[in-house]
Amino acid sequence: MSEISLKRSIVFAVANGKGGVGKSTSAFNLAAFCHHEKKLNVLLLDTEKHKGVSDVVYAGDKQPGLRFDIRYTFDKDSLADDVDMYLGRYDVIVIDTAGVGVDIKSDVSDSAQEAMNEEVLYLADFVVIPLRPAPLDARKTIKFTGMLRKFQKARRGSSLGAAAFLSEVRKAENLSKMVIEQLQFGIDQNYVHLLKNHIRYSPKVAEAMGYGLSPLEYTKSHWVQNDIRAVCSEIFDLAVAHQNKEGH
């Protein structure tokens with residue numbers, strides 16, 4: 001039995017129009033948090049055309065009696081049916097996407113991934129938007145949240161919650177402060193929450209994934225655990241509050 005009682009399963013989409021911002025790592029850590037910290041049945045679903053997080057072979061210990069699975073799909077036409085089926089098995093579904101926006105029409109290779117990303121956003125309850133502390137990442141993220149607002153108008157049924165946060169923050173740099181100010185100015189925070197918590201850079205994060213683990217399991221009593229736990233907890237609480245607001 002799951003420790004937390006949800007009104008219904010939550011579907012997270014981890015997305016950003018910018019590549020290389022830590023989506024797969026964030027998706028993996030959010031999924032691990034929901035399983036280990038919240039004691040929930042969790043599916044991590046990779047929808048990148050060229051496999052990403054599904055190449056990780058999870059090496060941790062699953063919670064007794066609970067599911068923690070990683071799967072791959074790139075079939076847009078069957079995704080809705082697949083997710084409907086998974087909703088009966090999992091409390092939380094975290095869907096990892098590729099760094100392609102929802103309205104990019106640049107070439108054939110992007111269009112298939114774009115269509116998949118759009119389908120993921122149609123199915124999601126809450127969008128998690130990671131980015132690095134870099135001005136280009138901030139500009140691309142602001143543009144992506146604007147597209148998300150337009151996409152929201154075409155969505156049927158419930159509204160789409162969203163939150164953005166910084167990963168790989170380096171304490172000694174002023175870039176993080178600069179990027180946060182960019183986001184505060186450029187993002188509609190009535191729609192996209194800018195998290196209070198962010199994740200500082202640590203090589204332990206990539207090292208843990210290399211071993212098929214989340215830092216929550218890999219690094220005992222390390223400060224990056226607290227960063228990840230604080231960000232994931234804030235995301236989870238916002239998603240549950242959004243779900244309750246929607247009356248699901």
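Which strands does helix 1 lie across, and at about what angle does helix 1 run to strand 4? In this predicted model, helix 1 crosses strand 1 (10-14), strand 2, strand 3, strand 4 (92-96), strand 5 (126-131) and strand 6. Its direction makes about 170 degrees with that of strand 4. Helix 5, spanning residues 175-186, also packs on the sheet, where it touches strand 5, strand 6 and strand 7. Relative to strand 6, helix 5 runs at about 160 degrees.

With those two helices placed, let us turn to the sheet itself. It is an open sheet of seven strands, arranged in the order 3-2-4-1-5-6-7 with parallel pairing. Strand 3 (68-72) and strand 7 are the edge strands, each pairing on one side only. As you step from one strand to the next, the twist averages 20 degrees. For a closer look at one pairing, take strand 2, residues 42-46: it joins strand 3 in the parallel sense through five bridges. Here Leu-45 stands opposite Arg-71 of strand 3.

Next come the pockets. The largest pocket has a volume of about 310 Å³, and 22 residues line it. Nearest its centre lie Thr-25, Asn-29, Ser-167, Glu-168 and Val-205. The elements that contribute two or more residues to this lining are helix 1 (23-36), helix 6 (203-210) and helix 8 (223-246). So helix 1, which we met lying across the strands, returns here as part of a pocket wall. By class, the lining of the largest pocket holds 13 nonpolar, seven polar and two charged residues.

The second largest pocket has a volume of about 220 Å³. Its lining consists of 15 residues, with Asn-190, Tyr-191, His-193, His-242 and Lys-245 nearest the centre. Two or more residues each come from strand 6 (161-166), strand 7 (192-194) and helix 8. Helix 8 gives the most, with five residues. In this lining, seven residues are nonpolar, six are polar and two are charged. Strand 7 thus appears both at an edge of the sheet and in the lining of this pocket.

Finally, a word on how confidently you can read all this. The chain has a mean pLDDT of 89, with 90% of its residues at 70 or more. One stretch to treat with care is residues 103-108, where the pLDDT is below 50. Beyond near neighbours in sequence, that stretch has five contacts in the model. Where pLDDT is low, predicted coordinates should not be read in detail.

Note on methods:
Residues are numbered from 1 along each chain as its sequence is written. This is a predicted model: local features need pLDDT of at least 70, side-chain atom pairs count only at pLDDT 80 or more; totals for chains, interfaces and linings use all residues. Side-chain values use heavy atoms; hydrogens and water are left out. On a 1 Å grid over the protein atoms alone, a cavity is a set of points where a 1.4 Å probe fits but cannot get out, and a pocket is an open set with protein on both sides within 12 Å along at least five of seven lines; lining residues have an atom within 4 Å of a point. Grid points are joined across faces, edges and corners, and a volume is the space filled by probe spheres set on the points. Helices (H or I, at least four residues) and strands (E, at least two) are DSSP runs, numbered from the N terminus. Ala, Val, Leu, Ile, Met, Phe, Trp, Tyr, Cys and Pro count as nonpolar, Asp, Glu, Lys and Arg as charged, and the others, Gly among them, as polar. Two strands pair if DSSP finds at least two bridges between them. Axes are lines fitted to C-alpha atoms, for helices over the stretch in contact, and angles run from 0 to 180 degrees between N-to-C directions. Contact means heavy atoms within 4.5 Å. pLDDT is the predictor's confidence in each residue, from 0 to 100.
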